[in-house]
Amino acid sequence: MTHQTVGHAPEDAQDGPPADGPPADGPLADCPDAALVPPAREPHCPVDITLGALGGRWTPLVLREFLRRGEATYSELSTALPVLSDKVLSDRLAQLTRVGVIERHRTAGWPPRVRYVLTGRGRALEPVVHSMWEWGSVRQP
C-alpha cells in the first residue's frame with residue numbers, strides 16, 4: 001500500500017475536485033493547483049501574494065495604524081505601537097514600502113523628516129484588516 005503525498009493528487013486521480021472537496025466555483029477555483037503550493041520564488045496564488053504583503057508578526061497592526069491615520073511619522077508609529085522594537089518597526093515599514101502598501105516621503109532640511117503615506121494599494125487592504133477585526137471581535141477569549 002502506498003501513501004499519497006500531502007498536496008499532490010495520486011497519478012490515477014480524475015480531473016476536477018473530489019466529491020468531498022471544495023466546490024468548483026469556490027474562492028480558490030480560479031487558482032490553478034500548481035499555484036496553491038507555496039513556491040520557492042515568487043508567489044502565484046492571490047492568497048499567498050496577500051500573505052507576502054502582510055507577512056510577519058505585527059505587520060497587520062502597522063497597516064491598521066495607516067488605515068486609521070492615512071500617514072504617519074516613525075515617531076507616531078513607535079508611540080502607537082510601543083511593544084515593537086525599533087528594528088521590527090523599521091523592518092515592517094521597509095516591507096510595506098517594498099510591496100507598495102505605503103510610500104516613504106523624505107523632506108529636505110535639518111533634521112531630515114520622513115513621513116510614510118498609505119497608497120491606494122494599501123487602502124485596498126482595508127477590507128482584509130476589517131475582516132480580521134470582525135473575526136477577532138467575536139472570538140475573543
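Mentor: Let us start with one residue, Glu 65, which counts as buried at 1% relative accessibility. Keep in mind throughout that the model we are reading is a predicted one.

Trainee: With which residue does Glu 65 form a salt bridge?

Mentor: The partner is Arg 69, and the closest N and O atoms of the two residues are 3.1 Å apart, which falls inside the 4 Å limit used for calling a salt bridge. Both residues belong to helix H3, where their spacing of four residues separates them by about one helical turn. Unlike the buried Glu 65, Arg 69 is partly exposed, with a relative accessibility of 37%.

Trainee: How many salt bridges does the structure hold?

Mentor: The structure holds seven, and they can be read by asking where each partner sits along the chain. The side chains of Lys 87 and Asp 91 meet in one of them, at 2.8 Å from N to O; these two residues are four apart in helix H5, so about one helical turn separates them. Lys 87 is exposed at a relative accessible area of 58%, whereas Asp 91 is partly exposed at 34%. Elsewhere, salt bridges with shared partners tie Arg 64, Glu 65, Arg 68 and Arg 69 into one network.

Trainee: Which salt bridge links distant parts of the chain?

Mentor: Look at Glu 71 and Arg 115, whose side chains meet in a salt bridge of 2.5 Å, N to O. This pair joins distant parts of the chain, with Glu 71 in strand S1 (residues 71-73) and Arg 115 in strand S3, 44 residues apart. Glu 71 is partly exposed, having a relative accessible area of 34%, and Arg 115 is also partly exposed, at 29%.

Trainee: I would like to place these elements in the whole; how many helices and strands are there in the protein?

Mentor: There are seven helices and three strands, and along the sequence they follow the pattern α-α-α-β-α-α-β-β-α-α. Of the 141 residues, 22% count as buried, while the accessible surface comes to about 10,600 Å², with 56% of that surface belonging to carbon and sulfur atoms. For contacts with a separation of 6 or more, residues 24 or more positions apart account for 46%.

Trainee: Which residues have the most contacts inside the largest nonpolar core?

Mentor: The general idea is that, in soluble globular proteins, nonpolar side chains tend to be buried together. Here the largest nonpolar core has 18 residues, and those with the most contacts inside it are Val 62, Leu 63, Phe 66, Leu 93, Val 101, Ile 102 and Leu 118. Two or more residues come from each of helix H3 (59-69), helix H5 and strand S3 (113-118), and H3 gives the most, with four residues. To see one member in detail, set aside the neighbours of Leu 118 within four places in sequence: Leu 118 is then in contact with Leu 63, Phe 66, Leu 67, Gly 70, Val 101, Ile 102 and Arg 123.

Trainee: Turning to charged residues, is Arg 92 buried or exposed?

Mentor: Arg 92, in helix H5 (residues 86-98), is buried yet has no salt bridge, the nearest side chain of opposite charge being that of Asp 91, 4.6 Å away. Because a salt bridge requires a separation within 4 Å, that distance does not qualify. Beyond four places in sequence, Arg 92 touches Gly 56, Arg 57, Thr 59 and Val 62.

Trainee: What does the side chain of Gln 95 lie 3.4 Å from?

Mentor: A polar atom of the Gln 95 side chain lies 3.4 Å from the backbone oxygen of Gly 52. Gln 95 is another residue of helix H5 and counts as buried, at 10% relative accessibility. Leaving out residues up to four places away, Gln 95 touches Gly 52, Ala 53, Leu 54, Gly 55 and Thr 59.

Trainee: Let us end with the backbone: which peptide bond is cis?

Mentor: Most residues other than glycine have a negative phi, and most peptide bonds are trans, which gives a background for reading two places in the model. The bond from Trp 110 to Pro 111 is cis, with omega near -10 degrees, and Pro 111 sits in the loop between strand S2 (102-107) and S3. Trp 58, although not a glycine, has a positive phi of about 85 degrees; this residue lies in the loop between helix H2 (46-54) and H3, and is partly exposed at 23% relative accessible area.

Note on methods. Residues numbered from 1 in each chain as written. Predicted model: local features only at pLDDT ≥ 70, side-chain atom pairs only at ≥ 80, totals over all residues. Heavy atoms only, no water. Buried < 20%, exposed > 50% of the residue type's maximum accessible area, 1.4 Å probe, protein only. Lys, Arg positive; Asp, Glu negative; His and termini not counted. Contact = heavy atoms within 4.5 Å. Areas by Shrake-Rupley, 256 points an atom, 1.4 Å probe, with all protein chains shown as cover. Core = buried A, V, L, I, M, F, W, Y, C linked by side-chain atoms within 4.5 Å. Polar contact = N/O pair within 3.5 Å; in protein donor to acceptor, adjacent residues only side chain to side chain.
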